[in-house]
Structures are given as structure tokens and as C-alpha cells.
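I opened this notebook to record what I looked up on helix packing and on one pocket. The entries follow the order in which I consulted the structure.

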Amino acid sequence: MSAQDEQFPAAAPEPAAPSADDGMTWWYRWLCRIAGVIGGMSCAIAGLWNCVTINPLNIAAGVWMMLNAFVLFLCEAPFCCQFIEFANAVSARADKLRAWQKAAFYCGMAVFPVVLSLTLTTLFGNAIAFATGVLYGLSALGKKGDAISYARIHQQQKQMDEEKLTGTLEGQAL
């Protein structure tokens, strides 16, 4: 180790791995990533097809769809963008976002071209990108509770309701 290495230990820390406490299992995380890549491909193909027209709104929607594809590839599969220097940094930052933030971003990004130009091409091209946002949104809701805890909560609420009802009836009888 040289003197310069000792003086400046680590200029840029390595990106942190996605937190394990976000409630997503490994297979669900991969499902979201694969949906993002497939959504990016569908946006790119449909966006290119949408640009082959003379209608300016269709061209604008097609360009936006190709931009969506680029962002999806950049966030979900940075290895597809190896020629871009900042791809890994953007992906690391996107991994630090919470699931609901990704869901809102991906769904909003997919709805805009449909609002701009409602055609089958924009609708079907953005459907998988929107589904990626929905998958992230479902993971933000968390795991479903077990039946035993729900039954216990229901039983406690039922007892409280019966106690309130009998308390009001006894109060009326006096």
C-alpha cells in the first residue's frame, strides 16, 4: 500500500446492498426486476412503432415510451447499459428507494404516454411497465397476516362490541 493510498482510504464507498428489512423475498425481487426488463423491452418496441406516424402526439408518446424503456433498463438492469458510465450509480440509488416510491414512479411514468396518446400501441406497450409498478406497490403493502392473528383480533373486537352493547342496555334499564 502506498503513502497516497493510506492518506486517501476510499474516495467512493461501494453501493450498499438492498436492505433486507424491506419485506421482499429474493424471488419477488427478481420477479420485479424481470418484469422491469420485459416492460422496458415492450416500451422500447412499442415506442419505436409509435414514432412511425405523422401525428405529433403519437411521436411524443413514442419518444416518452423509449425514455421509459431507458429508465427501466437503467434502474432494473444496469448491465444492459454498460456503455453508460453512471449506470451502476443510478441503479444503486434506485435500489435504495422504497418500494412505494418505485411503484409511484413506474406507474406514473407508464401512464403519461397513455394520457398523451390513447392508442392500442401505447396502452399495450406500457402495460408491463405499469405492472412492474403494481408489483412494487404490492410489496410495499407488506405480507398478509396469518389467519390465527386475524381471528384473535376479530374475537377481541366482538367481545368489546358485546360489552359496549350490554353496558348500554344496562344503562337504559336503570
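**Entry 1: α5 and α6**

I began with handedness and found that α5 passes α6 in a left-handed crossing. I note that the model is predicted. I then looked up the geometry: helix α5 spans residues 99-116 and helix α6 spans residues 120-141, and their axes come within 7 Å and cross at roughly 165°. Angles over 145 degrees count as roughly antiparallel, and α5 and α6 are therefore roughly antiparallel to each other.

Next I listed the contact. On the α5 side I recorded Ala99, Trp100, Lys102, Ala103, Tyr106, Cys107, Ala110, Val111, Pro113 and Val114. On the α6 side I recorded Thr122, Leu123, Asn126, Ala129, Phe130, Thr132, Gly133, Val134, Tyr136, Gly137, Ser139 and Ala140. Sorted by class, this contact of α5 with α6 holds 15 nonpolar, six polar and one charged residues.

**Entry 2: α3 and α6**

I turned to helix α3, residues 56-76, whose axis comes within 11 Å of that of α6 at a crossing angle of roughly 30°. Angles under 35 degrees count as roughly parallel, and α3 and α6 are therefore roughly parallel to each other. The crossing of α3 past α6 is left-handed.

From α3, the contact draws on Ala61, Met65, Asn68, Leu72 and Glu76. From α6, I noted Thr121, Thr122, Gly125, Asn126, Ala129 and Tyr136. By class I recorded five nonpolar, five polar and one charged residues for the contact of α3 with α6. I also noted that Thr122, Asn126, Ala129 and Tyr136 of α6 appear both in the contact with α5 and in the contact with α3.

**Entry 3: α2 and α3**

For this pair I recorded a packing angle of about 155°, with the axes of α2 and α3 7 Å apart. That makes α2 roughly antiparallel to α3. I found that α2 passes α3 in a left-handed crossing. The contact of α2 with α3 comprises 15 nonpolar, eight polar and two charged residues.

**Entry 4: the second largest pocket**

How much space lies in the second largest pocket? I recorded about 170 Å³. Its lining consists of Arg29, Trp30, Arg33, Ile34, Val37, Glu76, Ala77, Pro78 and Phe79.

Which helix gives the most to this lining? I found that helix α2, residues 26-50, does so with five residues. By class, the lining divides into six nonpolar, no polar and three charged residues. I closed by noting that Glu76 lines this pocket and also belongs to the contact of α3 with α6.

How values were computed: Residues numbered from 1 in each chain as written. Predicted model: local features only at pLDDT ≥ 70, side-chain atom pairs only at ≥ 80, totals over all residues. Heavy atoms only, no water. Axes fitted to C-alpha atoms, helices over the stretch in contact; angles between N-to-C directions. Helix = DSSP H or I, 4+ residues; strand = E, 2+ residues; numbered from the N terminus. Parallel < 35°, antiparallel > 145°, perpendicular 65-115°, else oblique. Left-handed = near helix turned anticlockwise from the far one by under 90°. Contact = heavy atoms within 4.5 Å. Nonpolar A, V, L, I, M, F, W, Y, C, P; charged D, E, K, R; others polar. 1 Å grid on protein atoms, 1.4 Å probe; cavity = no way out; pocket = protein on both sides within 12 Å on 5 of 7 lines; lining within 4 Å. Points joined across faces, edges and corners; volume = space filled by probe spheres on them.
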